[in-house]
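Visitor: Please give me a close look at a single part of this structure. I am new to it, so a plain account of how that part fits with the rest would help.

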Amino acid sequence: MKAGESLDVGALGEDVPLLEGIRTTRAIRRLHPDPVPRELIRKVCEAGTFAPSGGNRQPWHFVAVTDPEGRRWVAERYRAAFRDYIAPAVEAARDPAYPEAKRRMQRAAIHLAEHLHEAPVHLFVAGWTRRGRPQLQALMPAVQNVLLACRAVGLGASLTSVHLAFPEEIDRWLGLPEGCPTCALIPIGWPRGRYGRPPRRSVDACLHWERYAPKPEEG
Ligand SMILES: Cc1cc2nc3c(=O)[nH]c(=O)nc-3n(C[C@H](O)[C@H](O)[C@H](O)COP(=O)(O)O)c2cc1C
């Protein structure tokens, strides 16, 4: 789906079976720069609002940054923080024995960092603090719902948190009130890649009955 095509936002994504959608939601970091209709961003954020939360507090706020100047501002800082974050992994990847799947993920993450300003929507999810500490876990169910909704409607998206390297600066810039820190940045756009099953270990490697028992491959 591309800009210019007429979209039936109401119908879009409503036909994706839930479990298939879950199994085929993966990080899509290569995005077209074409704009995404606001109604569609509203729709994926609405999915976020159906997440569970303690006491049904619904602590989330979604801030969608679409202005090119703003996205450049975010991307410059993301890139600088990302460089420090990824440096040890880039070094490790020089080893020919470095797993290919990790190498691919690293390449995609570097691509996102280098092209973040082109992602048409920078969706920040912000929430609440308790005893002065950000409660990231309170927002992650909403974040996951947004990612799943993006999968359903055909948008590319990924969960990022590199901006937490400069938390006060970004919160101030977003105009967030005291006690409502940002916890996630979801770059969203029309995907260059396809959705599909991400690499995951088998459920049998991590499912235990009654009590934890080491699995053979864990030694
Ligand atoms: C809490 C959290 C923070 C993350 N932060 C980043 C990030 O800042 N940048 C990034 O490229 N990937 C980040 N990731 C990783 C991706 O979003 C993704 O989950 C991972 O690469 C697996 O991708 P897959 O689902 O396609 O296998 C983060 C994941 C989690 C759970």
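Guide: Ala, Val, Leu, Ile, Met, Phe, Trp, Tyr, Cys and Pro count as nonpolar, Asp, Glu, Lys and Arg as charged, and the others, Gly among them, as polar. By those classes, the shell around the ligand holds eight nonpolar residues, three polar ones and one charged one. The residues surrounding the ligand (C-beta atom, placed from the backbone, within 6 Å of the molecule) are Arg-26, Ala-27, Met-105, Ala-109, Leu-112, Ser-158, Leu-159, Thr-160, Ser-161, Val-162, Pro-198 and Pro-199.

This is a predicted model, in which local features need pLDDT of at least 70 and side-chain atom pairs count only at pLDDT 80 or more, while totals for chains, interfaces and linings use all residues. Residue numbers start from 1 along each chain, following the sequence as written.

The part to look at closely is helix H5, but the whole chain comes before it. The protein chain has six helices and six strands, which are DSSP runs numbered from the N terminus (helices H or I, at least four residues; strands E, at least two). Starting at the N terminus, their order is α-α-β-α-α-β-β-β-α-β-α-β. The radius of gyration, taken over C-alpha atoms, is 18 Å for the protein chain, close to the 17 Å that the globule rule (2.2 Å times the number of residues to the power 0.38) gives for 219 residues, so the chain is as compact as a globular protein of that length. Along the principal axes, the C-alpha atoms of the protein chain fill a box of roughly 50 × 45 × 40 Å.

A residue is called buried if 20 or more other C-beta atoms, placed from the backbone, lie within 10 Å of its own, exposed if there are 12 or fewer, and partly exposed in between. Of the 219 residues in the protein chain, 29% are buried. Two residues are in contact if their C-beta atoms lie within 7 Å. Among the contacts between residues at least 6 apart in sequence, 83% join residues at least 24 apart.

Now the helix itself. H5 covers residues 140-153, has 14 residues and reaches 20 Å from its first C-alpha to its last, close to the 20 Å expected at 1.5 Å a residue, where the expected span is 1.5 Å times one less than the number of residues. Eleven of the 14 residues of H5 are buried, so the helix is mostly covered. The buried residues are Ala-142, Val-143, Asn-145, Val-146, Leu-147, Leu-148, Ala-149, Cys-150, Arg-151, Ala-152 and Val-153. They pack against two helices, H1 (18-23) and H2 (38-48), and against strands S2 (121-126), S5 (156-157) and S6 (182-189). Just after H5, Gly-154 takes a positive phi of about 90°.

The three strands that H5 packs against also belong to an open sheet of four strands, ordered S1-S2-S6-S5 with antiparallel pairing. Strands pair if DSSP finds at least two bridges between them. S1 and S5 are the edge strands, each pairing on one side only. S2 and S6 run antiparallel and are joined by six bridges; one of the partners is Ala-184 in S6, which bridges to Val-125. S1 and S2, also antiparallel, are joined by five bridges. Here Val-65 stands opposite His-122, and His-61 has Ala-126 as its bridge partner.

All six residues of S2 are buried. Val-121, Leu-123 and Val-125 are on one side of S2, and His-122, Phe-124 and Ala-126 are on the other, with both faces covered.

The loop between H2 and S1 (61-65) leads into this sheet and holds Asn-56. Asn-56 has a phi near 50°, positive although it is not glycine, and counts as exposed with 6 C-beta neighbours inside 10 Å. Gln-58 sits in that loop between H2 and S1 and also has a positive phi near 50°, but with 17 C-beta neighbours inside 10 Å Gln-58 counts as partly exposed.

At the other end of the sheet's story is the segment after S6, where Ala-205 lies. Ala-205 is exposed, with 11 other C-beta atoms within 10 Å. Its C-alpha is separated by 25 Å from that of Leu-159, 46 residues away along the chain; Leu-159 is one of the residues around the ligand.
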